[in-house]
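Hello,

Here is the structure I promised to pass on. Please open it first, then read my notes below.

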Amino acid sequence: MVVYTSADSAGVATSVAKYIVNAQLNALKTKKTFTIAVSGGSMGKVLKAGLIDSPEIASQVQWDKWNVYLSDERLVPLDHEDSNYGLFISLVVDHLKDAKPSVHPIDVSLLTGENGQVDGSDAAKDESIAEAYAKVLPSDGVFDLILLGCGPDGHTCSLFPGHALLEEKSRSVASIRDSPKPPPRRITFTLPLLAKAEAIAFIAEGAGKAPVLEEIFNDPSSKLPCKIVTDLDLPVSWFVNDAALQGTNVISSKY
Ligand SMILES: O=C1O[C@H](COP(=O)(O)O)[C@@H](O)[C@H](O)[C@H]1O
């Protein structure tokens, strides 16, 4: 694990954007596309600030070669305010003037009942959305880069502390109908899929994240989802601001 710190949000956005561009350039040395997964929550703003608003970095992003997936998604229509896809489109893609990435949403046709309304009655339906999403992922399941957030409770993707999904051994994408953070119905990448990635980068900012980062970085016995992912056998980086690092004794550097 490597922790990169910056004084403020603008610094985090610049650092993580440089890291992403580097991952993109590496991937495009051997392949025609860059395969990346993004998360919801506060991430969209960071990606816009880093990858679009800075002209020097923006000129290096080859958006038309990007295949973008969602590391987790809420089971709501794509234009709903809770949709992680909708967030990425409105905060990032809608601001691109020229080349656009291919962004892969969940199949929302599987979400609705006969009347076209969101139908939450059937758990099998939610699982079929997860299965369908697993089928549109890269065929080998390997992402060049997965960008993750960290909730104040230590959740990442829609993998929550103590949840049975942390024991998943075979599915790449699974549904969850009891997310402690609303909305309750979601799909999420699982640990076996995350473990195949070429690289994972977390973004976490603000004093509100300091207690959970203190546990993740200082407590080797922590069972928090973010800690489990941090300990996977692959390059894992954390991009944080100084406020989020308060109370941790982790050694950090500048990217
Ligand atoms: O519910 C979610 O929360 C996490 C963390 O969000 P953040 O705003 O605290 O960074 C996010 O990574 C995930 O995609 C989202 O569905």
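Three strands form an open sheet in this predicted model. Their order is 4-8-7, and the pairing is antiparallel. Strand 4 (72-74) and strand 7 are the edge strands. Each has a single partner strand, so one side of each has no neighbour in the sheet. From one strand to the next, the twist averages 15°.

Look next at where strand 4 meets strand 8. The two run antiparallel and are joined by three bridges. Asp-72 has Thr-188 of strand 8 as its bridge partner.

Helix 5 packs on this sheet. It touches strand 7 and strand 8. The direction of helix 5 makes about 160° with that of strand 7.

Now the helix itself. Does its length fit its residue count, and what should we expect? Helix 5 covers residues 123-136, which is 14 residues. At 1.5 Å a residue, helix 5 should span 20 Å. Its end C-alpha atoms are 21 Å apart, which agrees.

Which residues of helix 5 are buried? They are Asp-126, Ile-129, Ala-130 and Tyr-133. These cover an arc of only 95° around the axis, so they sit on the same side of helix 5. Strand 7 (173-176) and strand 8 (186-189) are among the elements that cover these buried residues. The face turned away from the buried side carries Ala-124 and Lys-135, which are exposed.

Best wishes

How values were computed. Residues are numbered from 1 along each chain as its sequence is written. This is a predicted model: local features need pLDDT of at least 70, side-chain atom pairs count only at pLDDT 80 or more; totals for chains, interfaces and linings use all residues. Helices (H or I, at least four residues) and strands (E, at least two) are DSSP runs, numbered from the N terminus. The expected span of a helix is 1.5 Å times one less than its number of residues. A residue is buried if 20 or more other C-beta atoms lie within 10 Å of its own, exposed if 12 or fewer, and partly exposed in between; C-beta atoms are placed from the backbone. The arc is that of the directions from the helix axis to the C-beta atoms. Two residues are in contact if their C-beta atoms, placed from the backbone, lie within 7 Å. Two strands pair if DSSP finds at least two bridges between them. Axes are lines fitted to C-alpha atoms, for helices over the stretch in contact, and angles run from 0 to 180 degrees between N-to-C directions.
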